[in-house]
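Here are some notes for a colleague who is opening this structure without having seen it before. Please read them with the sequence and the coordinates side by side.

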Amino acid sequence: MGKATGFLEFDRLLPQKEAVENRKQNYQEFVQTYSDEQLNNQAARCMNCGIPFCHSGCPLGNVIPEFNDAVYDGKWEEAYNILSSTNNFPEFTGRICPAPCESACVLGINKNPVAIEEIEKHIIEIAYKKGYVQPNKSNIKTGKKVAVVGAGPAGLAAAAQLNKAGHDVVVYERDDKVGGLLRYGIPDFKLDKSVIDRRVEVMQESGIEFRTNAEVGKNVPASELDQYDAVVLSGGSTIPRNLNIPGRELKGVHYAMEFLKQQNKRVGNSPIDTEEILATGRNVLVIGGGDTGSDCVGTSNRHGAKSVTQFELMPQPPQSRSAAMPWPTYPMLLKTTTSHEEGCQRHWSISTKEFLGDDKGNLRAAVIVDLEWETDALGRPTKFKEVEGSEREIPCELVNLAMGFLHPQFEGLIQQLGIAVDERGNVKASENSYQTTASKYFTAGDMRRGQSLVVWAISEGRECARKVDEFLMGSTVLESKEAVYTYA
Ligand SMILES: Cc1cc2nc3c(=O)[nH]c(=O)nc-3n(C[C@H](O)[C@H](O)[C@H](O)COP(=O)(O)OP(=O)(O)OC[C@H]3O[C@@H](n4cnc5c(N)ncnc54)[C@H](O)[C@@H]3O)c2cc1C
Ligand code: SF4
């Protein structure tokens with residue numbers, strides 16, 4: 001334990017953020033860093049619990065008390081070694097993870113939890129500066145060839161681990177750049193794309209080959225995968241949920257990903273081959289209250305939207321834990337993101353019934369209605385009905401549909417390989433084996449578990465790599481997430 005009285009002496013503190021008016025002028029990250037003293041104090045808050053619930057709250061099994069301790073003592077290389085023993089990409093999770101570890105932190109029972117995510121980000125940024133992040137060139141090669149299809153966080157984590165095990169790894173990615181939703185979903189102001197490039201360079205120097213503009217099942221025939229000893233499918237969950245109401249076809253109604261991908265390409269100077277979608281000067285309606293919707297809000301404000309409104313079908317979540325979400329479970333609480341802070345009218349329990357257009361087929365308004373929800377004994381919403389007489393029109397010239405994703409794309413890769421999908425439409429493979437219905441084909445990330453989080457994608461990529469290694473070699477040299485870091 002770094003400092004026995006740390007949790008009594010210091011309050012949780014998050015780094016300062018750039019003022020809203022300044023940060024809305026560009027797409028740069030705006031969260032600043034701790035001073036050395038602040039970082040030390042935040043690490044000192046960790047109580048090094050006998051049963052560290054933070055550790056089990058993290059899908060990666062990050063060994064949190066140990067790295068907090070190393071940070072408190074200024075042992076940066078040790079902190080980096082502990083962190084990177086369970087997480088290939090702390091620079092991603094340290095920026096955009098919803099931090100289930102913090103929800104499970106014991107200090108969170110009666111105080112604010114330890115700022116684990118920020119500490120993680122500082123460890124990895126210090127490690128890069130001090131030169132600890134080095135290519136992982138395996139000395140022993142197995143002679144086995146593995147293909148990874150899809151270069152999101154799941155595919156990247158699987159590739160890094162399989163390369164570490166000594167296999168020759170080739171990653172296929174249909175986009176022009178690597179990263180999946182890290183690259184073309186999450187906006188630059190949350191995750192600067194140089195952070196991905198920096199990591200991909202290390203992976204290339206480690207010996208991993210990346211082939212971009214390569215869609216397996218389209219411009220790369222699925223039969224090309226025959227030459228590999230094993231294949232990891234990590235194509236994500238990319239089919240968005242639609243809102244099939246009258247007026248859906250009007251000009252100005254888009255899926256959120258059409259809007260977000262275009263903006264990330266604009267920032268990254270990548271060519272845009274679709275019709276330009278800009279929020280500038282328009283009343284923007286975002287339908288869907290999750291991360292994707294929030295990213296549309298932040299992007300619309302940076303475009304200079306006239307107004308930004310966000311609707312959610314479900315009722316407003318509570319501000320603090322209820323009986324239905326006791327500690328240390330991940331609570332579904334009201335989340336006000338940095339994008340919301342930048343300006344947005346938020347409404348819950350709203351259903352959108354119709355989009356209205358002008359005589360040229362351009363969107364001009366949406367017809368909405370309030371909902372009344374029934375709840376169960378624990379206060380969880382169960383059924384809704386429309387509130388009579390609440391139907392009304394609200395003006396909007398741009399709608400972003402951000403209501404989640406259904407399943408992976410079947411056309412192309414999945415159909416050509418003839419592998420089975422489960423009842424939700426995700427590629428069928430158990431959490432124990434990650435193996436699909438075709439023997440040498442494995443799957444990980446959103447493609448297997450459905451729309452989820454970056455931390456889960458990395459966790460699945462790592463676990464899947466262990467199963468591939470076992471399949472190829474009979475046993476695996478890769479760490480399990482159950483293994484606890486031990487001091488040298
Ligand atoms: C807008 C948005 C914001 C989000 N924000 C957050 C957040 O703040 N925090 C968080 O934790 N999670 C967030 N998420 C969720 C998170 O991004 C995903 O859970 C995660 O990226 C899934 O990783 P993945 O590797 O499984 O798939 P993806 O990231 O979707 O990557 C799949 C990759 O496979 C490629 N591909 C697909 N088919 C083929 C093919 N046939 N051949 C070659 N390549 C192919 C795709 O082009 C893509 O690059 C967000 C999601 C969205 C949409
Ligand atoms: S639960 Fe919180 S206080 Fe306890 S070891 Fe983990 S981070 Fe530290």
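1. UniProt, in an unreviewed entry, lists the feature "domain: FAD/NAD(P)-binding" at residues 144-461. Over residues 144-461 the chain is 25% helix and 24% strand, and the C-alpha atoms at the two ends of that span are 18 Å apart. Please keep in mind throughout that this is a predicted model.

2. The domain assignment of the protein chain cuts it in another way, giving domain 1 (6-130), domain 2 (145-238 + 406-473) and domain 3 (242-403). Between the C-alpha centres of domain 2 and domain 3 there are 30 Å, and the contact draws on 13 residues from domain 2 and 14 residues from domain 3.

3. One open sheet is made of five strands, which follow one another in the order β3-β2-β1-β4-β16 with parallel pairing. Because β3 (209-211) and β16 (441-443) stand at the edges and each has a single partner strand, one side of each is left without a neighbour in the sheet. From one strand to the next, the twist in this sheet averages 20°.

4. Within that sheet, strand β1 (residues 145-149) and strand β2 (residues 168-172) run parallel and are joined by five bridges. To find this pairing in the model, a reader may start from K145, which stands opposite D168 in β2.

5. A further open sheet, also of five strands with parallel pairing, has the order β6-β14-β7-β8-β9. Its edge strands are β6 (253-255) and β9 (345-347), each of which pairs on one side only, and the twist here averages 20° from one strand to the next.

6. How many bridges join strand β7 to strand β8? There are five between β7 (residues 283-287) and β8 (residues 307-311), and the two strands run parallel; the bridge partner of N283 in β8 is S307. Helix α13 (residues 256-267) packs on this sheet, where it touches β6 and β14 (398-401), and its direction makes about 75° with that of β6. Helix α14 (residues 291-303) packs on the sheet as well, touching β7, β8 and β14, while its direction makes about 175° with that of β8.

7. Strand β10 (residues 350-357) and strand β11 (residues 363-375) are paired in the antiparallel sense over seven bridges, and among these pairings E354 has V367 in β11 as its bridge partner. The two strands β10 and β11 form a hairpin with five residues between them, and in the turn G361 has a positive phi of about 80°.

8. Two points of backbone geometry deserve a look in the viewer. The peptide bond from W327 to P328 is cis, with omega near 5°, and P328 has its place in the loop between β8 and α15 (338-341). The phi of N48 is near 45°, which is a positive value in a residue other than glycine; N48 is found in the loop between α3 (36-44) and α4 (53-57).

9. Turning to the earlier part of the chain, UniProt places the feature "domain: Dihydroprymidine dehydrogenase", again from an unreviewed entry, at residues 23-130. This span is 56% helix and 0% strand, and the C-alpha atoms at its ends lie 29 Å apart.

10. Which residues come nearest to ligand 2? Of the 13 residues around the ligand, those that come nearest are C46, C49, C54, C105 and V106. Helix α5 (residues 64-72) supplies the largest share of the shell around ligand 2, namely three residues. Sorted by class, that shell has eleven nonpolar residues, two polar residues and no charged residues.

Methods: Residues numbered from 1 in each chain as written. Chains lettered and ligands numbered in written order. Predicted model: local features only at pLDDT ≥ 70, side-chain atom pairs only at ≥ 80, totals over all residues. Heavy atoms only, no water. UniProt positions renumbered as here; feature names shortened; annotations may be inferred. Helix = DSSP H or I, 4+ residues; strand = E, 2+ residues; numbered from the N terminus. Pairing = 2+ DSSP bridges. Axes fitted to C-alpha atoms, helices over the stretch in contact; angles between N-to-C directions. Contact = heavy atoms within 4.5 Å. Near = heavy atom within 4 Å. Nonpolar A, V, L, I, M, F, W, Y, C, P; charged D, E, K, R; others polar. Domains from an automatic or database assignment.
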